[in-house]
Amino acid sequence: MAALSSPQNRTLISSATLSRRKGRIVYRIVLTVVLVVFTLVFIGPLYWMVTGGLKSASEVVANPPSYFPKHPKPGTYHTAWTQLKLARLLFNTLYYAFGALLFQLVFDVAAAYAVSKLRPVFGNVILAGMLATLMIPSAVLIVPQYVTVLDLPLLHFNLIGTPWAIWLPTVANGFNIFLLKRFFDSIPNDLMHAASIDGAGPLRTLWSIILPMSRPILGVVSIFAVVNVWKDFLWPMLVEPDPDKQPINLGINSLSQGVPENVIIAALAISAVPTLLIFLLFQRNIMSGLTAGSLKG
């Protein structure tokens with residue numbers, strides 16, 4: 001009776017079906033097909049981009065296309081590196097990305113800490129307003145943001161052509177604030193009380209207790225901040241007209257006049273390497289950071 005009343009885990013395929021030889025074969029075939037299809041969907045564009053850089057210019061535009069380079073040309077990547085000034089463009093991108101990261105860590109951490117632990121008046125209303133910004137399509141914000149950086153309110157500075165035009169719109173990120181706030185909520189308030197008894201103020205508590213315990217979520221926010229700046233194209237195109245100061249995605253487009261297609265594809269493949277490495281190296285940290293504050297205990 002105890003065995004009959006014990007709860008059982010419900011799965012898509014029952015254990016009785018998997019215990020039969022035919023059921024196991026069908027299950028493995030379906031699983032293999034699904035994995036292969038999804039792998040091709042994700043890896044296919046990357047393979048096409050990498051092999052496109054190894055093809056000649058005529059082979060890239062050939063119809064029907066070739067799936068393998070007939071005469072691989074690895075020198076195309078060196079040509080792309082020198083002709084499109086990728087070293088300079090990579091430096092520009094890193095400069096913008098880590099500048100945006102610095103501002104996001106300072107202001108988003110402060111906002112999340114205030115809403116989570118300091119409990120200001122109308123804190124929940126402020127948080128709801130931040131989350132409401134996630135419902136607004138990014139395309140709708142382009143014109144107001146551009147007007148703002150064109151003539152900064154109160155100060156009346158024109159930020160077009162300066163790094164501030166790229167950094168400032170990234171500061172107030174509602175999604176990152178929500179992630180940080182949720183993680184801070186999982187930190188026991190007893191630690192805050194103990195720190196206040198020892199004479200620590202809110203800033204000292206944040207620096208000495210909250211931040212050291214928040215390394216997983218800080219890593220996730222850092223990765224998101226860097227990748228968002230790295231992949232952005234439209235906004236830098238509006239606020240940074242100088243090709244020598246543009247990030248890599250926009251710079252390749254600006255310097256591609258008269259450049260063969262295979263060289264451009266090779267440059268795009270090089271520009272994609274850093275973000276791929278970030279994902280492959282830190283995918284475990286991303287998942288652990290996203291789920292670290294989901295449960296209190």
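This report walks through the aromatic side chains and helix α9 in a predicted model.

## Helix α9 and its neighbours

Let's start with α9, which covers residues 164–171. Its buried residues are A165, I166, W167, T170 and V171. What do they pack against? Those buried residues sit against α6 (86–118), α8 (138–150), α13 (215–231) and α14 (234–239).

## Aromatic pairs

Searching the whole structure turns up ten aromatic pairs. One of them is F103 with F107, a stacked pair with 6.4 Å centre to centre and 15 degrees between the planes. Both residues belong to helix α6 and are four residues apart, about one turn of the helix. F103 counts as buried because its relative accessibility is 19%, under the 20% cut-off. F107 comes in at 45%, so it counts as partly exposed.

Over in α9, W164 and W167 make an edge-to-face pair, at 5.4 Å centre to centre with 80 degrees between the planes. These two tryptophans are about one helical turn apart, because three residues separate their positions in α9. An α-helix has 3.6 residues a turn, so residues three or four places apart point the same way. Is each partner buried or partly exposed? W164 is partly exposed at 39% relative accessibility, whereas W167 is buried at 8%.

## One cluster, and a lysine over a ring

Both pairs feed into a single aromatic cluster, made up of F91, Y95, Y96, F103, F107, W164 and W167.

There's also a charge-over-ring arrangement to look at: K55 lies over the face of W48, 4.5 Å from the ring centre.

Conventions:
Residues are numbered from 1 along each chain as its sequence is written. This is a predicted model: local features need pLDDT of at least 70, side-chain atom pairs count only at pLDDT 80 or more; totals for chains, interfaces and linings use all residues. Side-chain values use heavy atoms; hydrogens and water are left out. Buried means under 20% relative accessible area, exposed over 50%, partly exposed in between (1.4 Å probe, protein chains only). Contact means heavy atoms within 4.5 Å. Rings of Phe, Tyr and Trp (its six-membered ring) pair if their centres lie within 6.5 Å; planes under 30 degrees apart count as stacked, over 60 as edge-to-face and the rest as tilted. A charge sits over a ring if NZ of Lys or CZ of Arg is within 6 Å of the ring centre and within 35 degrees of the ring normal.
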